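I set out to record what I looked up in this structure. The entries follow in the order of my reading.

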Amino acid sequence: MSLLVLQDVGKEFGAIQALSHVDLTIQPGEVVGLMGDNGAGKSTLVKIIAGNFPPSHGKILFEDREVHFTKPVDARSVGIEVVYQDLALADNLTAAANVFLGRELKRKVGPFSFLDHSAMNLRTAELFGELKSETRPDDVVRSMSGGQRQAVAIARTRLSKAKLIIMDEPTAAISVRQVAEVLDLIRRLREAGIAVVLISHRMPDVFSVCERVIVMRRGLKVADKPTSQSSPEEVTALITGAKEAA
Amino acid sequence: MNHALPPASSRDDVSGFSNVGRVRWWQRGFFASQTAYVAIALVIIMIVMSVLSPAFLSPGNLANVAKNFSFVGIVTLGVTLVIVTGGIDLSVGSTMALSAIICAMTMQAVAGTSLDSIPVLGMLISLGAGLATALAVGLVNGLLIARAGLSPFVTTLGMLSIVRGLAYAVTEGRGQAPTGPDVDLFYGITDGNLAGFPVAIIYLLVLAVLVGLVLHHTAFGRHVFALGGNEKAAALTGIAVERVKIAVYILSALSAGFAGILMVGWLGSAPANLATGYELTIIAAAVIGGANLTGGVGGPAGAVIGALLIEVIRNGLVLAGINAYWQIVLVGVIIIVAVLVDRLRTLRLTL
């Protein structure tokens, strides 16, 4: 069973052909790098998978069933989560509060329901433990490093039992050490059987965690091959158009 | 396929990633907040004042201080909720007046009708009318801000003028005194004493505890903070952003309506210029108490402490025989000093 299959997917915005004839398959637990220059169609592709808008052509299958997403909630309900570049965290709240934001655990006291702080902290600590992140549930996000913020955002997706996590430039604008931390988080997700699509401009990151790399150029998929059979030089050539396809 | 992740085998694996040390207890939570600093300042000021002026601790003066700051404090609680979401409510002073007036005028209207035969009913209707007025103001604020997407500053500035204008229009500028068979009871519940304390301060403390409970122990309170921290993130997680926003403006207006009605009991009349300019004192109290106008920070303890500090200083200047105009200057100075101290402290921590 494939986790996600896109068949001949295309998208037009008026006269602009943002994406055409994209076929791709993602297996459970696979970490796939998605690369391409700005405007190559990465974002459009990801937004279609995440349900921000439907494709103009083609079919999407999730776990072998055809799906039609019209809004992000549709994609989330089948198990597709996006970790945004700006992470969408509330800086003034703790890690646990962010992980459980919008789906707080509550305890009934008579007719009232109150937050179950200890249950949420406990579960968050478990999630961080699984991710081997040294983030503490009651730390406020404002005081966290970029890597820890990624851990909080990823813990959120773990809570909802995501099967496919799309990470948008998670290693942009963070320190070298934090990059290692984030790449490690991605490896933990793979170990747990969760597929990850890693959108990145950083060649070393893609080649260190991804089994496969997909390269987009001008709305077309120009390459889709195992990283072991490619090289950063080849991918760079594919991105810039120095090499047509591979 | 969605297996549990393997547990972290040992801390050694991750020691390379532990790059944030835990801060000391006194640099975290309440102790590190502006609210705590202002509370300490408040205690020092009160000690100094009681030494300088024996009249400060006299029961009469304390009751006076308690009553005066309670009205402002109650509304500060409501406005703090709005400020935590990153909004502002400038219409509370006007709402205090209009609610007070509608409550008093309703009492006048039902007095002498057949409703007099059922005890307390007339008063309950009047209180309901006053609070319903506040609710309507809050609902309009909330709808314009959350649904129509108008700026909170401009919307509530407009409402400040509209509601104050209505207060003058319905009274034609004349003060409205509560009347009717329940008038003694009305004075009792708005201006009486309970166990030796003015009821106003009891209402304030009960409401402060309730607001604290809601803010820190309910999902609604958590969403109020989330809105102030990152509204986009709050919306992405599926929080009903519009509903939370409308609710905080309604609660803010209700706190104003309630305090306005209490002031009628204290003054014995509801003049159209009741609580004019209070919105600025109230916002000042919230800010001095540690609420951040950019949103995400604030709480009931800060609201109470901020309101009390302003009143204690005002009272102190009166007792010291200093011209009352200087109190206005001093309140401004305190606002800036309180925020400045917090700024310097956070700079020191981050450098």
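Which residue in β10(A) does A:Val31 stand opposite? I found A:Val196 there.

I note that this is a predicted model, in which local features need pLDDT of at least 70 and side-chain atom pairs pLDDT 80 or more, while totals for chains, interfaces and linings use all residues. Residues are numbered from 1 along each chain as its sequence is written, with chains lettered from A and ligands numbered from 1 in the order in which they are written.

I looked up the strand pair next. Strands β3 (residues 31-36) and β10 (residues 195-199) of chain A run parallel and are joined by 4 bridges. Strands and helices are DSSP runs (E, at least two residues; H or I, at least four), numbered from the N terminus, and strands pair if DSSP finds at least two bridges between them.

I then traced the sheet: 6 strands of chain A form an open, mixed sheet in the order β6-β9-β10-β3-β11-β12. Its edge strands are β6 (80-83) and β12 (220-226), each pairing on one side only.

I checked A:Leu198 for contacts (C-beta atoms, placed from the backbone, within 7 Å). Beyond four places in sequence, its contacts include A:Val31, A:Leu34 and A:Ile186.

I turned to helix α13 (residues 300-319) of chain B. Its 20 residues should span 28 Å at 1.5 Å a residue (1.5 Å times one less than the number of residues), and the end C-alpha atoms are 28 Å apart, which agrees. I find 15 of these 20 residues buried (20 or more other C-beta atoms within 10 Å of the residue's own), so α13(B) is largely enclosed by the rest of the structure. B:Gly321, which follows α13(B), has a positive phi near 75°.

Methods: Two residues are in contact if their C-beta atoms, placed from the backbone, lie within 7 Å. A residue is buried if 20 or more other C-beta atoms lie within 10 Å of its own, exposed if 12 or fewer, and partly exposed in between; C-beta atoms are placed from the backbone.
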